[in-house]
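Hi everyone, thanks for making time this morning. I'd like to walk you through one chain, going from the overall picture down to a few single residues.

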Amino acid sequence: QVQLVESGGGLVQAGDSLRLSCAASGRTVILSRMGWFRQAPGKEREFVATIRWSGGSIEYSGSVKGRFTISRDNAKNTVYLQMNSLKPEDTAVYYCVGDRRGSGPWDYWGQGTQVTVSS
């Protein structure tokens with residue numbers, strides 16, 4: 001199995017930047033892709049970004065494209081989410097996810113890290 005641990009969340013002001021990290025451990029060789037989801041209070045969980053472990057193909061949601069950057073460090077089994085120009089509507093719990101197949105439901109979820117953006 002795979003364990004995912006997020007870090008880097010916190011309280012920032014609108015316009016600030018923040019970088020989230022997600023360290024994967026366990027059978028990381030089975031991972032095909034990793035990514036980030038978020039869930040704001042009272043809202044459904046939404047997709048943020050994903051990156052394939054091999055080849056590095058990337059996708060973003062429309063709400064973060066141009067402001068957020070996902071990247072990976074294969075040697076460290078770590079995925080990052082660089083968040084710039086943060087807005088209050090970015091406030092949410094951010095979850096790291098991992099997948100074996102490269103499509104369909106995500107197999108692994110982290111415990112989440114809180115990001116709060118004040119206006």
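Let me start with a term I'll lean on: two strands are said to pair if DSSP finds at least two bridges between them. With that in hand, take serine 71, whose bridge partner in β8 is tyrosine 80. Please keep in mind throughout that this is a predicted model.

Now the overview. The chain has eleven strands and zero helices, so if you read along the sequence, you simply meet β-β-β-β-β-β-β-β-β-β-β. How does the radius of gyration sit against the rule for a compact globule? For 119 residues that rule would put it near 14 Å, and the chain has 13 Å, which agrees. Along the principal axes, the C-alpha atoms fill a box of roughly 40 × 25 × 25 Å.

A few totals before we zoom in. Of the 119 residues, 44% count as buried. The chain exposes about 6,000 Å², and 47% of that is supplied by carbon and sulfur atoms. As for charge, there are 14 positive and 10 negative side chains, with the centres of the two sets 5 Å apart. And if you take contacts between residues at least 6 apart in sequence, 53% of them join residues at least 24 apart.

Let's follow the strand pairing, beginning at the N-terminal end. Strand β1, residues 2-7, pairs with strand β3, residues 18-26, in the antiparallel sense over six bridges. Two positions to click on here: valine 2 stands opposite glycine 26 in β3, and glutamate 6 has cysteine 22 as its bridge partner.

While we're on β1, which of its residues lie on the covered face? Those are Val2, Leu4 and Glu6, whereas Gln3, Val5 and Ser7 make up the uncovered face. The general background is that side chains in a regular strand alternate between the two faces of the sheet.

From β3 we can step onward. β3 also pairs with strand β8, residues 78-83, again antiparallel and over six bridges. In that pairing, arginine 19 stands opposite glutamine 82. β8 in turn is joined to β7 by six bridges, and these two run antiparallel as well. The pair I opened with, serine 71 and tyrosine 80, belongs here.

β7 and β8 form a hairpin with four residues between the strands, and this is where asparagine 77 takes a positive phi near 50°. Why point that out? In general, most residues other than glycine have a negative phi. Asparagine 77 counts as partly exposed, because its relative accessibility is 21% and buried would require under 20%.

There's a second example in the next loop along. Serine 85, between β8 and β9 (92-99), also has a positive phi near 50°. Its relative accessibility is 41%, so serine 85 counts as partly exposed.

Let me stay in that loop for proline 88, which is placed there too. What does proline 88 touch, leaving aside residues up to four places away in sequence? The answer is Ala14, Val117 and Ser119. Proline 88 has a relative accessible area of 35%, so it is partly exposed. Its C-alpha atom is separated by 22 Å from that of cysteine 22, which is 66 residues away along the chain.

Two more loop residues, and then I'm done. Is threonine 28, in the loop between β3 and β4, buried or exposed? With a relative accessible area of 11%, it falls under the 20% cut-off, so threonine 28 is buried. Not counting residues up to four places away in sequence, threonine 28 touches Val2 and Asn77, which brings back two residues we have already met. The C-alpha atoms of threonine 28 and cysteine 96 are 14 Å apart, with their positions 68 residues apart along the chain.

Finally, glycine 42 sits in the loop between β4 (33-39) and β5 (46-52). Its relative accessible area is 91%, over the 50% cut-off, so glycine 42 is exposed. The C-alpha atom of glycine 42 is separated by 23 Å from that of serine 7, 35 residues away along the chain.

That's my tour. I'm happy to go back to any of these spots on the screen.

Terms used. Residues are numbered from 1 along each chain as its sequence is written. This is a predicted model: local features need pLDDT of at least 70, side-chain atom pairs count only at pLDDT 80 or more; totals for chains, interfaces and linings use all residues. Side-chain values use heavy atoms; hydrogens and water are left out. The radius of gyration is taken over C-alpha atoms; the globule rule is 2.2 Å times the number of residues to the power 0.38. Buried means under 20% relative accessible area, exposed over 50%, partly exposed in between (1.4 Å probe, protein chains only). Contact means heavy atoms within 4.5 Å. Accessible areas come from the Shrake-Rupley method with a 1.4 Å probe; for residues, only the protein chains shown count as cover. Lys and Arg count as positive and Asp and Glu as negative; His and the chain ends are not counted. The place of a charge is taken as NZ of Lys, CZ of Arg, CG of Asp or CD of Glu.
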